[in-house]
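Visitor: I've got a model open on my screen and would like a close look at a single part of it. Could you walk me through that part and then link it to what surrounds it?

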Amino acid sequence: MTPHPRTHATAADGTRIAHQLQGEGPPLVLLSGQQNNHHWWDPVRADFHATRATLTLDYRGTGDSDKPDHPYTTELLASDVVAVLDALGIDRADVYGTSLGGRVAQQLAARHPDRVGALVLGCTSPGGRHGVARDKATGRALAHPDARTARDALRHLMYTPDWLATHPGPHHTLGDPAMPAHARRQHLAASNRHDAWDLLPEIKAPTLVVHGADDLLNPTANAPLLASRIPGARLHLIPGARHAYFEEFRAVASPLVLDFLNEAARP
């Protein structure tokens, strides 16, 4: 299967969702982080093409998708994923969500269990009062009034100094620069309102929880919470990794995820 041209699906409320399908094999849905489009996955998506086709999308508010100004929720974003699957005639897919994408993936697996094969939750949180919030110092750094200073803080929460010294960018995980302000606010609100604690025990898909052991942006303590709440879930922490573990530590993370998906697919 050659890379498909960018196309759109239409969500239940009429919002057009851009999606991108590449590679051959069973589909793997890749869900990106907050305020990011599908380019989040550019550095690593080819790692999965040995055995999977990869399906990405631009969340509503990002990329080539529509950008309506109304409340976004992780449940709504999960329904957008279902609309994309429906448009492509995909009954069931494996799902790998990171950061906000992991929150969306939780909703997808719990509310649409027939659409999810295996599930990978990366650098994410159950949200709500049970989730572990980042510390106040990290929050202040991200909210610095100087945009350049705040962006630099985000970059160092994503990657280690050693990696940044040899990978000056551009970094695809720092946000979609073309997002309108209202969409940024709606993405933040969707992330902040996420609370899947009561839903997690309903997830039936084989699940792997992956997290960087040094993640301060989405504290590592959330990983064992998720793994303990989802029946049969496995947990893997990557030593030395920060939030963008899947890119900086791709030599560990991508084979780990592929091995899990391939094992889950065996009869």
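Which element gives the most to the lining of the largest pocket, and with how many residues?

Guide: That would be α4, which gives 5 residues to the lining. Keep in mind that this is a predicted model.

Let's start with the pocket itself. The space in the largest pocket comes to about 1,000 Å³. Its lining has 38 residues, and the ones nearest the centre are Gln 34, Arg 134, Leu 142, Leu 188 and Leu 217. Two or more lining residues come from each of α2 (100–111), α3 (136–142), α4 (147–158) and α6 (181–193). As for chemistry, the lining splits into 18 polar, 15 nonpolar and 5 charged residues. If you're wondering how such a space is found at all, rolling a probe the size of a water molecule over the atoms shows where empty space is left.

Now follow α2 from the pocket lining into the largest nonpolar core. That core has 39 residues, and Val 29, Leu 31, Val 81, Val 95, Val 104, Leu 119 and Ile 203 touch the most other members. Besides α2, the elements that give two or more residues to this core are β2 (16–22), β3 (27–31), β4 (53–57), α1 (74–88), β5 (93–98), β6 (116–122) and α7 (222–229). Click on Val 95 for a good view of the packing: leaving out residues up to four places away in sequence, Val 95 touches Leu 28, Val 29, Leu 31, Ala 105, Leu 108, Val 116, Ala 118, Leu 119 and Val 120. There's also a second, separate core of 30 residues, which includes Leu 28, Val 44, Tyr 159 and Phe 260.

Leu 28 brings us to β3. In a regular strand the side chains alternate between the two faces of the sheet. In β3, Pro 27, Val 29 and Leu 31 point one way, while Leu 28 and Leu 30 point the other way, and all are buried. Since 5 of the 5 residues of β3 are buried, the strand is largely enclosed by the rest of the structure. As for its partners, β3 pairs with β4 in the parallel sense over 3 bridges, with Val 29 opposite Leu 55 in β4. β3 also pairs with β5, again in the parallel sense, over 4 bridges, and here Leu 28 stands opposite Asp 94 in β5.

The loops after these strands are worth a look too. Most residues other than glycine have a negative phi, and most peptide bonds are trans. Gln 35, in the loop between β3 and β4, has a positive phi of about 60° without being a glycine. Gln 35 counts as buried, because its relative accessibility is 17% and the cut-off is under 20%. Ser 99 sits in the loop between β5 and α2, and its phi is also positive, near 60°. At 11% relative accessibility, Ser 99 counts as buried.

One more backbone detail concerns α6, which I mentioned for the pocket lining. In the loop between α5 (161–166) and α6 you'll find Pro 170, and a cis peptide bond joins Gly 169 to Pro 170, with omega about 5°.

Notes: Residues are numbered from 1 along each chain as its sequence is written. This is a predicted model: local features need pLDDT of at least 70, side-chain atom pairs count only at pLDDT 80 or more; totals for chains, interfaces and linings use all residues. Side-chain values use heavy atoms; hydrogens and water are left out. On a 1 Å grid over the protein atoms alone, a cavity is a set of points where a 1.4 Å probe fits but cannot get out, and a pocket is an open set with protein on both sides within 12 Å along at least five of seven lines; lining residues have an atom within 4 Å of a point. Grid points are joined across faces, edges and corners, and a volume is the space filled by probe spheres set on the points. Ala, Val, Leu, Ile, Met, Phe, Trp, Tyr, Cys and Pro count as nonpolar, Asp, Glu, Lys and Arg as charged, and the others, Gly among them, as polar. A nonpolar core is a set of buried Ala, Val, Leu, Ile, Met, Phe, Trp, Tyr and Cys residues joined through side-chain atoms within 4.5 Å. Buried means under 20% relative accessible area, exposed over 50%, partly exposed in between (1.4 Å probe, protein chains only). Contact means heavy atoms within 4.5 Å. Two strands pair if DSSP finds at least two bridges between them.
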